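Grab a coffee and open the viewer. Here are some exercises to work through with the structure on screen, each followed by a worked solution.

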Amino acid sequence: MEILSQMWSFLGLLTVLQNVLPSQILSLLHSLYESLQDFFSPFAYFEIPEFNDYCGVDVNDLYRHVNLYLNSVNPATTCRRFTLSRSKSSNRVSFTVAPNHTLHDSFNGHTLSWTHHVETVQDSLEERRGFSLKLPKRHRQAILSPYLDLVTSRAEEFERVSRERRLFTNNGHGSYESGWVSVPFRHPSTFETLALEPQLRQQITDDLTAFANGKEFYHRVGRAWKRGYLLYGPPGSGKSSLIAAMANYLCYDVYDLELTKVSDNSELRALLIQTTNRSIIVIEDIDCSVNLTADRLSKTKRTAPAKGSSRDHESEENGRVTLSGLLNFTDGLWSCCGEERIIVFTTNHRDNVDPALVRCGRMDVHVSLGTCGIHAFKALAGNYLGLESHPLFDVVESCIRSGGSLTPAQVGEILLRNRRDCEVAIKAVISAMQARILGAEREPIEYEEMAKSPESLERGLMESPENWETSSPGRKKRKDVGSGSGSGSVSWEKKVKFLVRLRSLTKSDSGRRGC
């Protein structure tokens, strides 16, 4: 009881002194107490306020990084209370250390702690927030700088991964403050779901990873931190899906540039300046967007113009996007106004693109996307049907080797329509491949009919090879071959032998099929 009474007496004395002594002396005593505490304490303390000034205008970027960093670590065992929140633009739940609570961390074998301080400003409803970092005093010179570098890098990586990605398109007003409009980018395509051969998938992901981690390398060799991809292949080969998978893999925004909405080269440069770092700039069907190849041809074929014709031609070039303007967009001085950006061109016909656009330094990686190989087909079968293996996969592989392969879009549509019965779905794919091998030039609607009635495969395989050409719906009748067309006859015999083999394979597997 005596101890308690002495404590109450001491507290009463402090209260009296606080009311009697001037505020200057009290502040001096408080500073003296903190100095003594810091001198005898084995820890060093560093304060990180939310704002760099007392006006609450200049935001402290380090405070934001600390907040993001603490979101990226696993705090379940190091802190007991958090404040949870979720914004409208993100599905991720973020947390903040609750006011005046501490979260522990470790770095290079040392224990550190972060305390979130929240104080109410006197005579105001505002709150003053900040983090306090506590670390061993003896090792602060060796710990502080590298630890803060780690906090910054982890925070930037977490912000890149967790933020909502956007899909932008130009609105035809690139010369104004904002020439882009955007929507949330939520395309589900990933490299795991793409119908790509394993070797090609690995090459693309390795190149993207090296690019994303190559900041120091690009600066050291004196190159702009950007990369160019040319994706070419027939319609339905998966060019757009690959772009979406690249964006999801790198967590980049996507800028879909519609060249037909761009009035001239100046607007094109303005749109480039308005794009952000960590983004993919896409120009689809580059050979069809504007007549770029004609620029070079017209310059080579142009004869000496008359007095007024040079002005007319100059005004014509100023009123549209030219090949020169697009070249400067991809590889000129203006292309260096941002970092960590990928420029992607797509085309159905690579030969129609001007060679100056696709040379190294502009389009660094050329990716050929065509019809499905056996690995790509198995990936689609796994995605749509949940199959890892099936007896009819050997038949599909034989069809692919004989020139009956289809594009991923065609295979995906057939599997989608018949996804309730995997056996029927695979038979429908084989039926479509059979039509391709026989050289039937079918319209898309005929492939759809085949997907609806895959039992036509069974009928076709059970019939005599001589009747395949006439019995299948929509097929052209084989023309009579004379004595002068021996090569066509040999080609036809090969197709017949292949389809006979298909029938035997199907019969041999009929007793052990199932999903």
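The exercises below go from the whole chain down to single residues, and the model is a predicted one.

**Exercise 1. The whole chain**

Task: Work out how many helices and strands the chain has, and what percentage of its residues is buried.

Solution.
- Start with the secondary structure: the chain comes to 20 helices and 13 strands.
- Next, look at burial. The chain has 515 residues, and 40% of them are buried.
- Finally, check how far along the sequence the contacts reach. Take contacts between residues at least 6 apart in sequence: 68% of these join residues at least 24 apart.

**Exercise 2. Cysteines**

Task: Find out how many disulfides the structure holds, then decide whether Cys251 is buried or exposed.

Solution.
- Recall the chemistry: a disulfide is a covalent bond between the sulfur atoms of two cysteines.
- Count them here, and you get zero disulfides in the structure.
- Now for accessibility. Buried means under 20% relative accessible area, so Cys251, at 9%, counts as buried.
- Cys372 goes the same way under that cut-off: its relative accessible area is 2%, so Cys372 is buried.

**Exercise 3. H5 against H7**

Task: Describe how helix H5 and helix H7 cross, and sort the residues of their contact by type.

Solution.
- Locate the pair: H5 covers residues 198-212 and H7 covers residues 239-250.
- Take the geometry next. Their axes come within 11 Å and cross at roughly 45°.
- An angle like that falls outside the parallel, antiparallel and perpendicular ranges, so H5 is oblique to H7.
- As for handedness, H5 passes H7 in a right-handed crossing.
- Then list who touches whom. H5 brings Ile204, Thr205, Leu208, Thr209 and Ala212, while H7 brings Leu242, Met246, Tyr249 and Leu250.
- Sort them, and you have seven nonpolar residues, two polar and no charged.

**Exercise 4. H14 against H16**

Task: Do the analysis for helix H14 and helix H16: what is the angle between them, and which residues meet?

Solution.
- Find H14 at residues 393-401 and H16 at residues 422-437.
- Read off the packing: an angle of about 20°, with the axes 10 Å apart.
- Angles under 35 degrees count as roughly parallel, so H14 and H16 are roughly parallel to each other.
- The crossing of H14 and H16 is left-handed.
- On the H14 side you'll find Phe393, Val395, Val396, Cys399 and Ile400, and these meet Ile426, Ile430, Met433 and Ile437 in H16.
- Sorting this contact gives nine nonpolar residues, no polar and no charged.

**Exercise 5. Leu387 and its surroundings**

Task: Say where Leu387 sits and which residues it touches.

Solution.
- Place it: Leu387 is in the loop between helix H13 (374-385) and H14.
- Check its exposure: with a relative accessible area of 10%, Leu387 is buried.
- Leave out residues up to four places away in sequence, and Leu387 touches Lys378, Ala381, Gly382, Phe393, Cys422 and Ile426.
- Pick one of those, Cys422: it is 35 residues from Leu387 in sequence, yet the C-alpha atoms are 8.1 Å apart.
- Tie this back to Exercise 4: Phe393 and Ile426 are also among the residues at the H14 and H16 contact.

**Exercise 6. Thr346 and Asp285**

Task: Decide whether Thr346 is buried or exposed, then find out what is notable about the phi of Asp285.

Solution.
- Begin with Thr346, which lies in strand S12 (residues 341-347).
- At 2% relative accessibility, Thr346 counts as buried.
- Set aside neighbours within four places in sequence. Thr346 is then in contact with Leu231, Lys239, Ile243, Ile283, Glu284, Asp285 and Ile286.
- Move on to Asp285, found in the loop between S11 and helix H9 (286-289).
- Asp285 has a relative accessible area of 32%, so it is partly exposed.
- Its phi is near 50°, a positive value in a residue other than glycine.
- For another case, turn to Arg278, in the loop between helix H8 (265-273) and strand S11 (279-283). Phi of Arg278 is near 55°, again positive in a non-glycine residue.
- At 28% relative accessible area, Arg278 is partly exposed.

Methods
Residues are numbered from 1 along each chain as its sequence is written. This is a predicted model: local features need pLDDT of at least 70, side-chain atom pairs count only at pLDDT 80 or more; totals for chains, interfaces and linings use all residues. Side-chain values use heavy atoms; hydrogens and water are left out. Axes are lines fitted to C-alpha atoms, for helices over the stretch in contact, and angles run from 0 to 180 degrees between N-to-C directions. Helices (H or I, at least four residues) and strands (E, at least two) are DSSP runs, numbered from the N terminus. Angles under 35 degrees count as roughly parallel, over 145 as roughly antiparallel, 65 to 115 as roughly perpendicular and the rest as oblique. A crossing is left-handed if the near helix is turned anticlockwise from the far one by less than a right angle, and right-handed if clockwise. Contact means heavy atoms within 4.5 Å. Ala, Val, Leu, Ile, Met, Phe, Trp, Tyr, Cys and Pro count as nonpolar, Asp, Glu, Lys and Arg as charged, and the others, Gly among them, as polar. A disulfide is a pair of cysteine sulfur atoms within 2.5 Å. Buried means under 20% relative accessible area, exposed over 50%, partly exposed in between (1.4 Å probe, protein chains only).
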